[in-house]
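Please read the following account with the sequence and the coordinates open beside it. The text begins at a single residue and then widens to the elements around it.

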Amino acid sequence: MADTTPSRKPIRALASLALIFALPACAAASGDYPSLAVRDAERPRGTIGAPEAPAPAIPVPPRITSADVLERAASLRSNAVAAHQRFLAAAPAARRAVSAGAGAAPASDAWARAQVALADLETHRSLTAVPLADLDALLVDQAARLDPVAEVARARNDVLALVAEEDRTLAQLRSRIR
């Protein structure tokens, strides 16, 4: 069955259109809105001057390196020195093994003993370098907190010198063997 009632959509559309055109007339007809001009109370008055004397500076206490940090740096340096002593004790045997394997053919017994002696010496060098990495981390931590770094840097430089000496020894021995 078909719906015979007329559609109300066109009537609603015409009514909405009439309202849209009537709204501006309502707004223009009313004159009770306040003015948007600046009022006397909104105008700036007086002046703001600079203070007569600057505020006193707040003294900053001098920063000192904590005893824990100093103790940690000294302990790491001591560990590196002990590892370096072990390196120095193992170096003569490594020198003898490298001298014996210097002219030997690769994969020969003398050559293999020289390689093992070099690996042992490199292990001692690694044990000296571990405290250096910890000192680097401690130094960065101190600097990030804006704390003094002189004592930590001094310990780090001491350990760095030990590692550099070991590196020179290893480079010299490696250059003698193929």
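Alanine 107 counts as exposed because its relative accessibility is 66%, where exposed means over 50% relative accessible area, buried under 20% and partly exposed in between, computed with a 1.4 Å probe on protein chains only. This residue sits in the loop between H2 and H3, and although alanine 107 is not a glycine, its phi is positive, at about 75 degrees.

Before going further, the basis of these values should be stated: the model is predicted, so that local features need pLDDT of at least 70 and side-chain atom pairs count only at pLDDT 80 or more, whereas totals for chains, interfaces and linings use all residues. Residues are numbered from 1 along each chain as its sequence is written, and side-chain values use heavy atoms, with hydrogens and water left out.

The chain holds four helices and zero strands, these elements being DSSP runs numbered from the N terminus (H or I over at least four residues for helices, E over at least two for strands). Read from the N terminus on, the order of elements is α-α-α-α. Of the 178 residues in the chain, 22% are buried. Among contacts (heavy atoms within 4.5 Å) between residues at least 6 apart in sequence, 76% join residues at least 24 apart.

Beyond the loop that holds alanine 107 comes helix H3, which covers residues 109–144. Its 36 residues should span 52 Å at 1.5 Å a residue, and the end C-alpha atoms are indeed 52 Å apart, which agrees; the expected span is 1.5 Å times one less than the number of residues. Alanine 112 lies in this helix and counts as partly exposed because its relative accessibility is 32%. The C-alpha atom of alanine 112 is separated by 9.1 Å from that of alanine 97, a residue 15 places away along the chain. Just after H3, leucine 146 also has a positive phi, in this case of about 60 degrees.

Two packed helices are described by the angle between their axes and the distance between the axes. H2 and H3 pack at an angle of about 165 degrees with their axes 8 Å apart, the axes being lines fitted to C-alpha atoms, for helices over the stretch in contact, and the angles running from 0 to 180 degrees between N-to-C directions. That angle makes H2 roughly antiparallel to H3, since angles over 145 degrees count as roughly antiparallel, those under 35 as roughly parallel, those from 65 to 115 as roughly perpendicular and the rest as oblique. For H3 and H4 the angle is about 155 degrees and the axes are 9 Å apart, which means that H3 is roughly antiparallel to H4. The crossing of H2 and H3 is left-handed, and the crossing of H3 and H4 is left-handed; the term means that the near helix is turned anticlockwise from the far one by less than a right angle, clockwise being right-handed.

Helix H4 (residues 150–176) has 27 residues and reaches 39 Å from its first C-alpha to its last, close to the 39 Å expected at 1.5 Å a residue. Its buried residues include Val152, Ala155, Val159, Leu162, Val163 and Glu166, and what covers the buried residues of H4 includes helix H2 (67–101) and H3.

Which residues does threonine 128 touch, leaving aside its neighbours within four places in sequence? Threonine 128, a residue of H3, is in contact with Ala80, Ala83, His84, Val159, Leu162, Val163 and Glu166. Threonine 128 is buried because its relative accessible area is 0%, and its side chain is joined to that of glutamate 166 by a polar contact of 3.0 Å. A polar contact is a pair of N or O atoms within 3.5 Å; within protein, one must be able to donate a hydrogen and the other to accept it, and residues adjacent in sequence count only if both atoms are side-chain atoms.

Leucine 135 is found in H3 too, and it is buried, with a relative accessible area of 0%. With neighbours within four places left aside, leucine 135 is in contact with Ala73, Leu76, Val152, Ala155, Arg156 and Val159.

Arginine 77, by contrast, has its place in H2 and counts as partly exposed because its relative accessibility is 34%. With the same neighbours left aside, arginine 77 is in contact with Ala155, Asp158 and Val159, and its side chain makes a polar contact of 2.9 Å with the side chain of aspartate 158.
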